[in-house]
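Open the model in your viewer and keep the selection panel at hand. The stops below each name what to select and what is there.

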Amino acid sequence: QVQLVESGGGLVQTGGSLRLSCAASGGPFSNYAMGWFRQAPGKEREFVARISTYGGTTTYAESVKGRFTISRDNAKNTVFLQMNSLKPEDTAVYYCAGEYRVRLGVVVTDESRYDYWGQGTQVTVSS
């Protein structure tokens, strides 16, 4: 059973940066495409970014393009989310997720594509 653990969240001022990490265990990490989602209080969970198995393809939500970068280090079983130029609107709990079984007909931005989820890490951006 794959387990994912996020870390790196915290409090930062508007315009600041944070780097989130997600460490995987219990399975062949390189076999999974990985995604980041976030959920703000009172809001639905939304897609943030995705990276393919070996990092060749990335996908970003329009709201974070140019500010966030997803990357992975398969040798260390870790995926990262570098967040720059942070805004108060970025405040949320951030979750990493792994896709094991491809679901044809389901877009990669949909959370139902993913099989494993971390517990989340809080990111708070102050004005």
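Leaving aside neighbours within four places in sequence, which residues is Leu81 in contact with? Select Leu81 and find Leu18, Arg19, Leu20, Trp36, Val48, Ala49, Phe68, Thr69, Ile70 and Tyr94. Contact here means heavy atoms within 4.5 Å.

Before moving on, note the ground rules. This is a predicted model: local features need pLDDT of at least 70, side-chain atom pairs count only at pLDDT 80 or more, and totals for chains, interfaces and linings use all residues. Residues are numbered from 1 along each chain as its sequence is written, and side-chain values use heavy atoms, with hydrogens and water left out.

**Stop 1: Leu81**

Stay on Leu81, which sits in strand S8. Its relative accessibility is 0%, so Leu81 counts as buried. The cut-offs are under 20% relative accessible area for buried, over 50% for exposed, and partly exposed in between (1.4 Å probe, protein chains only). Now measure across to Ile70. The two residues are 11 apart along the chain, and their C-alpha atoms are separated by 4.6 Å.

**Stop 2: the whole chain**

Zoom out and colour by secondary structure. The protein chain has 11 strands and zero helices. Helices (H or I, at least four residues) and strands (E, at least two) are DSSP runs, numbered from the N terminus. The order from the N terminus is β-β-β-β-β-β-β-β-β-β-β. The radius of gyration is 14 Å, close to the 14 Å that the globule rule gives for 127 residues, so the protein chain is as compact as a globular protein of that length. That radius is taken over C-alpha atoms, and the rule is 2.2 Å times the number of residues to the power 0.38.

Turn the C-alpha trace along its principal axes: it spans about 40 × 30 × 25 Å. Buried residues make up 43% of the 127 residues. Among contacts with a separation of 6 or more, 57% join residues 24 or more positions apart.

**Stop 3: the nonpolar core**

Select Trp36, Leu81, Met83 and Tyr94. Of the 33 residues in the largest nonpolar core, these four touch the most other members. Such a core is a set of buried Ala, Val, Leu, Ile, Met, Phe, Trp, Tyr and Cys residues joined through side-chain atoms within 4.5 Å.

Which elements give two or more residues to this core? They are strands S3 (18–25), S4 (33–39), S5 (46–51), S7 (68–73), S8 (78–83), S9 (92–99) and S11 (121–126).

Centre on Met83 next. Beyond its neighbours within four places in sequence, Met83 is in contact with Gly16, Ser17, Leu18, Leu20, Arg67, Phe68, Tyr94 and Val123.

**Stop 4: the cavity**

Now show internal voids. There is one cavity of 30 Å³ or more, and the largest cavity holds about 40 Å³ of space. On a 1 Å grid over the protein atoms alone, a cavity is a set of points where a 1.4 Å probe fits but cannot get out; lining residues have an atom within 4 Å of a point. Grid points are joined across faces, edges and corners, and the volume is the space filled by probe spheres set on the points.

Select the lining: Val2, Leu4, Ala24, Ser25, Gly26, Gly27, Phe29 and Tyr32. By class, that is five nonpolar, three polar and no charged residues. Ala, Val, Leu, Ile, Met, Phe, Trp, Tyr, Cys and Pro count as nonpolar, Asp, Glu, Lys and Arg as charged, and the others, Gly among them, as polar.

**Stop 5: two positive phi angles**

Go to Asn77, in the loop between S7 and S8. Asn77 is not a glycine, yet its phi is positive at about 55°. Its relative accessibility is 29%, which counts as partly exposed.

Move to Ser85, in the loop between S8 and S9. Phi of Ser85 is near 50°, again positive in a residue other than glycine. Ser85 is partly exposed, at 40% relative accessible area.

**Stop 6: exposed sites**

Pick Gly42, in the loop between S4 and S5. Gly42 is exposed, with a relative accessible area of 84%. Measure to Asn31: the pair is 11 residues apart in sequence and 34 Å apart in space, C-alpha to C-alpha.

Select Arg101, in the loop between S9 and strand S10 (116–117). Arg101 is exposed at 52%. Not counting residues up to four places away in sequence, Arg101 touches Arg113 and Asp115.

Finish at Ser127, in the segment after S11. Ser127 counts as exposed at 86% relative accessibility. Apart from residues up to four places away in sequence, Ser127 touches Thr14 and Pro88. Ser127 and Pro88 lie 39 residues apart in sequence and 6.2 Å apart in space, C-alpha to C-alpha.

Notes
On a 1 Å grid over the protein atoms alone, a cavity is a set of points where a 1.4 Å probe fits but cannot get out, and a pocket is an open set with protein on both sides within 12 Å along at least five of seven lines; lining residues have an atom within 4 Å of a point.
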